[in-house]
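Hello,

As agreed, I am handing over the structure below. Please look through it before reading my notes.

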Amino acid sequence: MKVTMFATLTEQEDGYDGTIEITREDVPDLQTLAHAVTDFTVAVGFCYVKAVGYECKNGEMIWGDL
């Protein structure tokens with residue numbers, strides 16, 4: 001699966017006018033998706049984020065810190 005995340009930033013709210021786009025061509029599992037979301041989260045300014053995770057229905061946690 002191909003995943004693209006896109007954000008628009010403004011000078012007033014973000015200190016920067018522009019856009020950020022991250023695309024991952026091959027996202028075969030939740031860990032890879034979570035890693036891409038982590039990268040995007042950091043790119044839009046939340047530089048203190050280490051990992052993004054998903055909780056599955058069975059209670060298992062999948063984290064994006066490869």
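The notes below go from the whole chain to single residues.

Please keep in mind that this is a predicted model.

Overall layout: the protein chain has two helices and four strands, and their order along the sequence is β-α-β-α-β-β. Along the principal axes, the C-alpha atoms of the protein chain fill a box of roughly 40 × 25 × 20 Å. Of the 66 residues in the protein chain, 24% are buried. Contacts between residues at least 6 apart in sequence were also checked, and 29% of them join residues at least 24 apart.

Surface and charge: about 4700 Å² of the protein chain is exposed, with carbon and sulfur atoms supplying 53% of that area. The protein chain carries 4 positive and 12 negative charges, and the mean positions of the two sets are 7 Å apart. A patch of negative charge on the surface is formed by Glu11, Glu13, Asp14 and Asp17. One of these residues, Glu11, belongs to helix α1, which covers residues 11-14. Glu11 has a relative accessible area of 48%, so Glu11 is classed as partly exposed.

Met61: this residue is part of strand β4, which covers residues 61-63. Is Met61 buried or exposed? Neither label applies, because its relative accessibility is 37%, and Met61 therefore counts as partly exposed. Leaving aside residues up to four places away in sequence, Met61 touches Tyr54 and Glu55. Glu25 is 36 residues from Met61 along the chain, and the C-alpha atoms of the two are separated by 24 Å.

Regards

How values were computed:
Residues are numbered from 1 along each chain as its sequence is written. This is a predicted model: local features need pLDDT of at least 70, side-chain atom pairs count only at pLDDT 80 or more; totals for chains, interfaces and linings use all residues. Side-chain values use heavy atoms; hydrogens and water are left out. Patches are made of residues with over 30% relative accessible area and no salt bridge: like charges are joined within 9 Å, nonpolar side chains (Val, Leu, Ile, Met, Phe, Trp, Tyr) within 5 Å. Accessible areas come from the Shrake-Rupley method with a 1.4 Å probe; for residues, only the protein chains shown count as cover. A salt bridge is a side-chain nitrogen of Lys or Arg within 4 Å of a carboxyl oxygen of Asp or Glu. Lys and Arg count as positive and Asp and Glu as negative; His and the chain ends are not counted. The place of a charge is taken as NZ of Lys, CZ of Arg, CG of Asp or CD of Glu. Buried means under 20% relative accessible area, exposed over 50%, partly exposed in between (1.4 Å probe, protein chains only). Contact means heavy atoms within 4.5 Å.
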